[in-house]
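Reader: Please take me through one helix pair and one pocket in this model.

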Amino acid sequence: MTRQVVLVGAGHAHMEALKKARRFANAGLSLTLIDPGAFWYSGAATGMLSGALDPDAARLNPSDLEGPFDHVRQRVVSVDPQARTVTLQDGERRAYDVLSLNTGSRIAETPLLAAGAIPVKPVSALAGLRATLEANLGQLRLAVAGAGATGVEIALSMASLQRRLGARPQTLLAGPELMPGWPDRARRLALEAMARCGVEYVPHRVEDLSMGLVHFGQRKVAPVDILVAATGLSANVPDGLEAPEEGLPVNADLSWTGDPAVFAAGDCARIVDHPRPKLGVFGVRAAPILIQNLINAALGHKARRHYTPQSRWLSILDVGDGTGLARYGDLAFSGKPALHLKRWLDSRFLQRYRVEH
């Protein structure tokens, strides 16, 4: 009987696995992707939100990739590692011999979401946010809860869209610490960019959203029409695997510490000996190791490749005014060349998986 390799989630690493689907077929394996929709590339999300990029520029259809694999358009709600089955949203159960998760992350649950804040993930939520801003010609009071790099970029992107629509930016960014983990120079450059682009930074945590007001500590409030929550990411893992919010714990070969037949990569995983931030670059770099190890595991081979994520990585924020803000380790710089580099890197990644009709 043909052994089944099941991929759950159309993330960065799994897009590469689909691109290399012929390798699985040549090994006598059946490859199936289970994911309900399109692949949204997070690197192009803010460019799409700002209006610089068309929504289609940030989205790929996994089914367009040529290769011997099946695409089941469903969401996996739970995994039974003892029975080696997954249960889909419609109740169907599917068997696997080897399972791989590349299901990304989501905004951790907070009262702000229950009060109506828009989560910064999934990326499709940002496409809906852009449509709302366009329908109102940008004449909305906006706020972002969470002043990490994602929150900064989202606030700058919304202000950019408001300018494109002919409106005056009315955008707040709120958080007790600006861009934690980034170099001091990067934080200074971010403050300069926000001042230049019409984003007001409030160094307080958003504690509540009610009656058209965001509430900060010390009885401070500000009127708002839309609040975007960028308040921290939680791994998106199906039920049954008992994963903490940081992600499914995996070994250096990307196999789950609880079952060598289950693998995970990207935001939904946490490499036990090498924890890293939730950034797409790690899913991309892990892909070749994941593919080989999935094939070896399905064939019963004990050989495994190990993935050691880099200790320094390039991150570039789209400022929304034609410039970018980049950091590599402790170095930081800004300007048009930074944005040109980001656009080139994003385009190169997307073009690898884009099929022209």
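Reader: Which residues in H6 meet H5?

Author: This is a predicted model, where local features need pLDDT of at least 70, side-chain atom pairs count only at pLDDT 80 or more, and totals for chains, interfaces and linings use all residues. Residues are numbered from 1 along each chain as its sequence is written, and side-chain values use heavy atoms, leaving out hydrogens and water. Contact means heavy atoms within 4.5 Å. From H5 come Leu126, Leu129, Arg130, Leu133 and Glu134, and they meet, in H6, Ile154, Met158 and Leu161.

Reader: How do the residues of that contact divide into nonpolar, polar and charged?

Author: Ala, Val, Leu, Ile, Met, Phe, Trp, Tyr, Cys and Pro count as nonpolar, Asp, Glu, Lys and Arg as charged, and the others, Gly among them, as polar. The contact of H5 with H6 has 6 nonpolar, no polar and 2 charged.

Reader: Are H5 and H6 roughly parallel or roughly antiparallel?

Author: Helix H5 (residues 123-135) and helix H6 (residues 149-164) pack at about 30°, with axes 11 Å apart. Axes are lines fitted to C-alpha atoms over the stretch in contact, and angles run from 0 to 180 degrees between N-to-C directions. Angles under 35 degrees count as roughly parallel, over 145 as roughly antiparallel, 65 to 115 as roughly perpendicular and the rest as oblique. H5 and H6 are therefore roughly parallel.

Reader: Which element gives the largest share of the lining of the second largest pocket?

Author: Helices (H or I, at least four residues) and strands (E, at least two) are DSSP runs, numbered from the N terminus. A pocket is an open set of points on a 1 Å grid over the protein atoms alone where a 1.4 Å probe fits, with protein on both sides within 12 Å along at least five of seven lines; lining residues have an atom within 4 Å of a point. The largest share of this lining, 3 residues, comes from S23.
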